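These are my notebook entries on a single protein chain. I set down what I looked up, place by place.

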Amino acid sequence: MKCILILGDGMADEPIPQLGDKTPLEYAQTPNMDRMAREGACGLLHTIPDGFEPGSDIANMSILGYAPEKYYTGRGPLEALSMGIDLAPTDVAYRCNIVTVKDETMADFSAGHISSAEGAALFASLAPHIPDVVVRAGVSYRNLLVVPHGSAADSTAPHDIVGQPIKEHLPRNGDAPLLLSCMAKSRDVFSSHPVNVARIKAGKPTATQIWPWSGGRCPAFPRFSEKYARKGGMISAVDLLNGIARCASMEIITVPGATGYFDTDYMAKARYALDAIRHLDFVYVHIEAPDEAGHAGSIDEKVRAIENVDRVVGTIRAEFDGIVAVLPDHPTPIRIKTHSRDPVPFVVTGKGTDTTLHFSEKEARSGMFGTKEATGFLSFLFN
C-alpha cells in the first residue's frame with residue numbers, strides 16, 4: 001500500500017500558561033489530525049538516539065530509517081548535496097548561517113530571515129576575501145561553506161544560543177582557526193555593505209557575520225529503493241531535507257511557492273504530494289513553519305502553522321486512500337526556543353484503530369502503538 005508521511009517540523013511542545021496550560025498542538029484547531037486519531041491510532045516516536053544533539057538532521061535521518069550512529073557525518077555535507085555541490089573525499093562542508101550578533105551576543109540566528117537575494121549579494125562580496133574556502137549562497141540565512149582538505153571543527157548551532165554570549169560557542173579544534181578568520185572577515189565585509197545599509201534604513205536586523213557549524217565529509221547512504229523495495233520522494237523547501245533525500249537517491253519534488261517559512265504555500269505542497277504519489281510508493285512532506293515559530297518564541301505563529309499543517313492533512317486525506325502518517329521530527333518548545341529530545345507523538349491511519357480522540361502529545365501516550373524507535377518507523381508503516 002502507498003504511504004504519505006506529513007512531517008510538521010518542531011510541531012510538538014510543552015504546556016503553555018498563555019494557552020490555558022495546553023500545548024500549541026492541543027490548543028490549535030486541528031479537525032483533520034483529530035479525525036485521524038479517531039479513525040486510526042497513535043503512539044510516541046523516539047527520534048534522537050542517545051549521544052546525539054536533537055537536531056532536524058538527526059531526527060529526519062532516523063525517521064527515514066538511516067541510523068545516525070552509522071551514517072551521520074554532519075549537517076553541512078547533506079546540505080551541500082542538496083545544492084548540487086560535489087564534495088571531494090577530503091572536503092569538509094559546513095552549514096553557514098548569516099546571523100546578527102550584538103554586543104558579542106547571538107541576537108538572531110537568521111539575521112531577521114534575510115532574503116535569498118540579500119544573502120547572495122553578501123556572499124558574492126565576501127568570497128574574494130576568503131579564498132581558502134568555498135562559499136555558496138542558499139535559501140535565506142541557510143548557506144554553505146566548504147573547506148578543501150578540511151578537518152571538522154567542533155561547533156554550535158546558532159539557533160541553540162540565541163540571547164547567549166558567543167564567546168563560549170565559537171568553533172574550536174580542527175578547522176577552527178580558518179573558520180574564525182572567515183568569520184572575522186565577514187564582519188569587516190558586511191559592516192558597510194549596501195545590503196545592510198538598506199536593512200538599517202528599513203528597520204530590519206543587520207546581517208553582521210557568518211556562522212559556520214556542523215561540518216562533515218560526504219556520507220554514503222543505501223538507496224531508499226533498495227532499503228525498502230519502494231520508490232520514495234521528498235517535498236521540502238529546506239536544503240537539509242533535500243540533501244538527506246538525495247543521499248538516499250529519493251526523488252526531489254520541487255514545489256513552487258515553498259519557502260521553508262511561515263509564508264510557504266501549504267496547499268501547493270499538498271497538491272504536489274497527491275500528484276507525486278501517483279508514480280511513487282512513498283512521499284515525505286516536510287513543513288518547516290512550526291519549527292521556525294518555536295525558534296522565534298511565537299505562540300501565535302506556531303498555532304497558525306499547526307493549523308496550516310492540518311489543512312495539508314485534510315487535503316491529502318480527501319483524495320488519498322493509502323496509509324497516512326503525521327508527526328513532528330522533534331519538539332521545538334516555545335519556552336526554550338530550540339529543540340528538545342523528548343519523544344514525539346504520531347498518528348497513523350490504515351494500521352489499526354485505538355481509543356484516542358485527538359492528536360496531541362498527551363493523547364499519544366495512551367495510543368496502542370506505544371513508544372517506537374524512529375529508525376524502524378518506515379518499516380512499520382510499510383509492513
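**Entry 1: Phe123 and its surroundings**

I began with the contacts of Phe123; setting aside neighbours within four places in sequence, I found Cys96, Ile98, Val135, Arg136, Ala137, Asn143, Leu144 and Ile210. I note here that the model is a predicted one. I then looked up where Phe123 sits, and it belongs to helix 6, residues 116–126. Is Phe123 buried or exposed? Its relative accessible area is 3%, and because the limit for a buried residue is under 20%, Phe123 counts as buried. I also checked a residue 210 places away along the chain, Pro333, and the C-alpha atoms of Phe123 and Pro333 are separated by 32 Å.

**Entry 2: two alanines with positive phi**

I turned next to backbone angles, with the background that most residues other than glycine have a negative phi. Ala111 departs from this, since I read a phi near 50 degrees. I located Ala111 in the loop between strand 4 (105–108) and helix 6. The relative accessible area of Ala111 is 0%, so I recorded Ala111 as buried.

Ala229 also has a positive phi, about 55 degrees, and is not a glycine. I found Ala229 in the loop that runs between helix 9 (224–228) and strand 8. Is Ala229 buried or exposed? With a relative accessible area of 66%, against a limit of over 50% for exposed residues, Ala229 is exposed.

**Entry 3: strand 8 and its partners**

From that loop I went on to strand 8, residues 232–235. I recalled that in a regular strand the side chains alternate between the two faces of the sheet. In strand 8, Gly232 and Met234 lie on one side, Gly233 and Ile235 lie on the other, and all four are buried, which leaves both faces covered.

Which way do strand 8 and strand 10 run relative to each other? I found them parallel, joined by four bridges, with strand 10 spanning residues 282–287. Within strand 10, I identified Val283 as the bridge partner of Gly233. Strand 8 also runs parallel to strand 9 (residues 251–252), through two bridges. There I noted Met234 opposite Ile252 of strand 9.

**Entry 4: the sheet**

I then traced the open sheet, which has eight strands in the order 9-8-10-1-11-12-2-13 and mixed pairing. Its edges are strand 9 and strand 13 (371–373), each of which pairs on one side only. For an antiparallel pair I looked at strand 11 (residues 323–327) and strand 12 (residues 344–349), which three bridges join. In this pair Val326 stands opposite Val347 of strand 12.

**Entry 5: the chain as a whole**

I closed with the overall values. The secondary structure comes to 15 helices and 13 strands. The radius of gyration is 20 Å, and a compact globule of 383 residues would have one near 21 Å, so I recorded agreement. Along the principal axes, the C-alpha atoms fill a box of roughly 60 × 45 × 35 Å. Of the 383 residues, 59% are buried. Taking contacts between residues at least 6 apart in sequence, I found that 73% join residues at least 24 apart.

For the surface, I noted an exposed area of about 14,900 Å², of which carbon and sulfur atoms supply 50%. I listed 37 positive and 46 negative side chains, and the centres of the two sets lie 3 Å apart.

Key:
Residues are numbered from 1 along each chain as its sequence is written. This is a predicted model: local features need pLDDT of at least 70, side-chain atom pairs count only at pLDDT 80 or more; totals for chains, interfaces and linings use all residues. Side-chain values use heavy atoms; hydrogens and water are left out. The radius of gyration is taken over C-alpha atoms; the globule rule is 2.2 Å times the number of residues to the power 0.38. Buried means under 20% relative accessible area, exposed over 50%, partly exposed in between (1.4 Å probe, protein chains only). Contact means heavy atoms within 4.5 Å. Accessible areas come from the Shrake-Rupley method with a 1.4 Å probe; for residues, only the protein chains shown count as cover. Lys and Arg count as positive and Asp and Glu as negative; His and the chain ends are not counted. The place of a charge is taken as NZ of Lys, CZ of Arg, CG of Asp or CD of Glu. Two strands pair if DSSP finds at least two bridges between them.
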